[in-house]
Amino acid sequence: MSSSASEIVADTTHGRHHLKIDGYSITKATLPTGEFLKSQPFSVGGRRWAIQYYPNGDPSSHKGHISLHLVLDDAVAGEVRAQVQFRFKAEKKHALSFLQSWGRKPAPLKLGRVEAGEDGVWECPNFVKRKTLEESDHLKDDSFTIRCDIIVVNEFRADGGPPPAPAPRSVPVPPSDLGQQLGDLLAAYKGADVVFEVGGQTFAAHRWLLAARSPVLSAELFGSMREGGAAGAVRVADMEAQVFKALLRFMYTDSWPLETAEEEEFAMAQHLLVAADKYRMERLKLICEDKLCKNIAAGTAASILALAEVHHCHELKGACFHFLSSPKNLTAAMAGDDFENLRSSFPSIVKELIAKCSIDAPAQ
């Protein structure tokens with residue numbers, strides 16, 4: 001008599017994210033039902049996630065609750081099976097927790113797709129009643145912390161058959177040096193077929209590469225916006241030569257083009273942000289925003305805020321507002337000429353800033 005056995009194995013990845021709500025009463029007072037605040041993105045199981053916090057519930061039928069959504073925050077298509085659990089960070093084994101599955105039907109496993117922009121959401125509309133939270137020990141100093149546990153199912157497999165074949169030997173593969181090679185191509189001018197004239201200097205480049213990197217340049221060099229013949233220089237009148245040189249270097253290498261002193265890097269980040277916005281180069285624009293965020297100070301906040309407003313940099317604008325929400329920082333910034341320029345050029349921004357500071361100020 002023959003006998004055999006096998007098993008079904010779930011290959012999973014476990015992850016956990018803690019989200020602290022600091023200033024609960026302000027979020028409750030300022031956000032209506034159906035509006036949320038979003039956490040910083042985090043990774044579990046090779047996918048990027050974020051938590052949406054609704055202080056006054058979502059949908060309106062749960063306006064007496066705090067609602068939580070876990071959402072996929074990337075654009076990778078494909079099925080995602082996950083088990084999601086929300087609870088308070090400080091709770092003990094038998095404290096209150098809530099499990100909400102995809103499609104509002106309770107089940108330990110959920111199926112979500114990132115396709116139409118409506119999937120990839122794990123909803124918990126009734127995480128906790130606001131009154132229950134406010135009377136509990138979880139709310140301390142107007143803050144509380146949510147713990148989100150995620151188990152992502154990578155695959156299901158059957159084990160117990162013949163022994164697997166030996167794993168193939170691996171060959172070490174060096175990292176890509178495409179950026180270096182393209183940078184060398186730019187430096188050597190080999191095969192260049194377009195010339196730019198900027199600030200009295202000329203720069204040779206390759207039409208095909210620039211068109212691939214920037215939809216604006218694609219239209220200028222190949223589309224209906226194309227100016228002149230193939231032999232004519234393309235003039236760029238609103239940019240300094242060193243900024244255009246750095247922009248070209250980024251197009252070819254996809255890396256920050258300079259290793260300079262901190263003050264020079266700050267100035268270059270401002271110029272390159274303008275250039276990135278002009279040529280619709282979103283990655284470079286975000287890199288510039290990140291560098292400018294790290295340089296927000298009393299002497300720079302007003303000029304950075306004006307730049308963020310002109311070029312629609314919402315995260316950078318929020319960082320400036322966060323810095324200036326401190327009365328000490330705001331007073332120091334208002335003493336500079338840049339703040340007067342901000343007040344005269346963007347009075348609505350100054351009004352918005354003062355209003356936010358008034359809301360954030362503690363009651364006397």
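**Salt bridges and cores in a predicted model**

E197 and R235 form a salt bridge in which the closest N and O atoms are 3.8 Å apart, a salt bridge being a side-chain nitrogen of Lys or Arg within 4 Å of a carboxyl oxygen of Asp or Glu. E197 lies in strand β11 (residues 194-198) and R235 in strand β13 (residues 234-236), so the pair ties together parts that are 38 residues apart in sequence. E197 counts as partly exposed at 32% relative accessibility, while R235, at 61%, counts as exposed; here buried means under 20% relative accessible area, exposed means over 50%, and partly exposed lies in between, with a 1.4 Å probe and protein chains only.

The model is predicted, and for that reason local features need pLDDT of at least 70 and side-chain atom pairs count only at pLDDT 80 or more, whereas totals for chains, interfaces and linings use all residues. Residues are numbered from 1 along each chain as its sequence is written, and side-chain values use heavy atoms, with hydrogens and water left out.

The protein chain as a whole contains 13 helices and 13 strands, which are DSSP runs numbered from the N terminus (helices H or I with at least four residues, strands E with at least two). Of its 364 residues, 39% are buried. Among contacts between residues at least 6 apart in sequence, 64% join residues at least 24 apart, where contact means heavy atoms within 4.5 Å. One example of parts distant in sequence is F127 with I66, which are 61 residues apart in sequence and 5.7 Å apart in space, C-alpha to C-alpha; F127 lies in strand β9 (residues 121-129) and counts as buried at 0% relative accessibility.

Buried residues also build the nonpolar cores, each a set of buried Ala, Val, Leu, Ile, Met, Phe, Trp, Tyr and Cys residues joined through side-chain atoms within 4.5 Å. The largest of these cores has 60 residues, and F196, L210 and L247 are those with the most contacts inside it. Helix α6 (residues 241-253) gives the largest share of this core, nine residues. Leaving aside residues up to four places away in sequence, L247 touches M239, L272, A275, Y279, M281 and L284. A second, separate core of 27 residues includes L19, W49, C124 and I146.

To return to charged side chains, the count of salt bridges by the rule given above comes to 16. One of them joins D290 and K294, whose side chains meet at 3.2 Å, N to O; D290 is partly exposed, with a relative accessible area of 38%, and K294 counts as exposed at 66%. In another, the side chains of K317 and E309 meet at 3.2 Å, N to O, and here K317 is buried, with a relative accessible area of 18%, while E309 is partly exposed at 27%. Salt bridges that share partners also join R16, R147 and D149 into one network.

What, then, is the nearest side chain of opposite charge to E289, which is buried yet has no salt bridge? That side chain is K285, and it is 5.3 Å away; in this reckoning Lys and Arg count as positive and Asp and Glu as negative, while His and the chain ends are not counted. E289 lies in helix α8 (residues 282-293), and, not counting residues up to four places away in sequence, E289 touches L273, C313, E315 and L316.
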